[in-house]
Amino acid sequence: MGPLDFIRSIRRILAGKPRVPPSLADNQLLDVIMKRRSVRRFSDRKIPDDVFSTILEAGRVAPSTVNLQTWTFFSFTAETWQDTFGRPVPFKGNRAVIVMGDTHRGKMVLDVFPYSPLVEYTVAVTNASLAAMNMNLAAEALGVSSVMLSETGRSGFLDAGYLKETLDLPDGVFPLMTIIFGYPRRGVPAHASQAST
Ligand SMILES: Cc1cc2nc3c(=O)[nH]c(=O)nc-3n(C[C@H](O)[C@H](O)[C@H](O)COP(=O)(O)O)c2cc1C
């Protein structure tokens, strides 16, 4: 594939609308899944505690290997984020969750598997990522927008060593992503905000 073909196919992907047969168009969950987009410009409107705790709860009920729930969530308000990291939540988000894989948790519950660090790591990453997606979709369903952030290279927040020290993480608990939550800035459709990665 030449460079022009490559650019054309990327444009086709970006312009592509989700395809849902008319008979399923009224399904609310499908609608949330199909319309979700990462948002990177948030308003000052605060997310109520009950809404945010429901988003966390959606993460907690995500499926996981042998129901081991091999994750740890670090949840922040705008204020606790500022106190912890000495800077505002990225994109002026109102809440944030750092999602961690947690190889400890499985062992606390069930210690019958032979020691296999790669499998433990993979299981923890898989399960924590599913929980992250559950939170992301639950937020969307409640009118709250979000963006998942990995190591940005600007903040170093997901620098594992830095986070281990700052958050006093035990061995086996490792950061995977930060989810930033907030209400979108008025007049900024989710799909119009710019990706930085
Ligand atoms: C694990 C993960 C890490 C991401 N990291 C970043 C990031 O560091 N910065 C950013 O702006 N977007 C980040 N994104 C968002 C993606 O850029 C975005 O999901 C993708 O461009 C598709 O756009 P959409 O979410 O609007 O459909 C990340 C997404 C995932 C799943």
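Is Phe-91 buried, exposed or partly exposed? Select Phe-91 and keep that question open for a moment. The model on screen is predicted.

**Stop 1: Phe-91**

Phe-91 sits in the loop between α4 (78-85) and β2. Its relative accessible area is 27%. Buried would need under 20%, and exposed over 50%. Phe-91 is therefore partly exposed. Now check the backbone. Phi is positive here, about 60°, although Phe-91 is not a glycine.

**Stop 2: Gln-69**

Go to Gln-69, in the loop between α3 and β1. Here, too, look at the backbone: Gln-69 is not a glycine, yet its phi is positive, about 50°. With 24% relative accessibility, Gln-69 counts as partly exposed.

**Stop 3: helix α3**

Select residues 49-60, which form helix α3. The helix has 12 residues. From first C-alpha to last, α3 reaches 16 Å, close to the 16 Å expected at 1.5 Å a residue.

Colour the helix by accessibility. Val-51, Phe-52, Ile-55, Ala-58 and Gly-59 are the buried residues to pick out in α3. They lie on the same side of α3, because they cover an arc of only 110° around the axis. Turn to the face pointing away from that buried side. Asp-49 and Asp-50 are there, and they are exposed.

What do the buried residues of α3 pack against? Show β1 (71-77), β2 (95-102), α6 (117-141) and β4 (173-182): these are the partners.

**Stop 4: where α3 meets α6**

Keep α3 and α6 and hide the rest. Their axes come within 7 Å and cross at roughly 145°. The crossing is right-handed. On the α3 side, the contact is made by Ile-55, Leu-56, Ala-58 and Gly-59. On the α6 side, select Ala-131, Asn-134, Met-135, Ala-138 and Ala-139. How many residues of this contact are nonpolar, polar or charged? The division is 7 nonpolar, 2 polar and no charged.

**Stop 5: Ile-47**

Step back along the chain to Ile-47, in the loop between α2 and α3. Is Ile-47 buried or exposed? Its relative accessible area is 2%, so Ile-47 is buried.

Show its neighbours, leaving out residues up to four places away in sequence. Ile-47 touches Phe-52, Asn-94, Arg-95, Val-144, Phe-181, Gly-182 and Tyr-183. Phe-52 is also one of the buried residues of α3. Draw a C-alpha to C-alpha distance from Ile-47 to Asn-94. The two are 47 residues apart in sequence and 6.8 Å apart in space.

**Stop 6: Ala-25**

For another sequence-to-space check, select Ala-25, in the loop between α1 (3-15) and α2 (28-35). Ala-25 is partly exposed, at a relative accessible area of 44%. Add Ile-55 to the selection. Ala-25 and Ile-55 are 30 residues apart in sequence, and their C-alpha atoms are 25 Å apart.

**Stop 7: Thr-178**

Finish in strand β4, where Thr-178 lies. Strand β4 is among the elements that the buried residues of α3 pack against. Thr-178 has 4% relative accessibility and so counts as buried. Which residues does Thr-178 touch, not counting those up to four places away in sequence? Select Trp-81, Ala-96, Val-97, Ile-98, Val-147, Met-148, Leu-149 and Leu-158 to see them.

Technical notes
Residues numbered from 1 in each chain as written. Predicted model: local features only at pLDDT ≥ 70, side-chain atom pairs only at ≥ 80, totals over all residues. Heavy atoms only, no water. Helix = DSSP H or I, 4+ residues; strand = E, 2+ residues; numbered from the N terminus. Expected span 1.5 Å × (residues − 1). Buried < 20%, exposed > 50% of the residue type's maximum accessible area, 1.4 Å probe, protein only. Arc of directions from axis to C-beta. Contact = heavy atoms within 4.5 Å. Axes fitted to C-alpha atoms, helices over the stretch in contact; angles between N-to-C directions. Left-handed = near helix turned anticlockwise from the far one by under 90°. Nonpolar A, V, L, I, M, F, W, Y, C, P; charged D, E, K, R; others polar.
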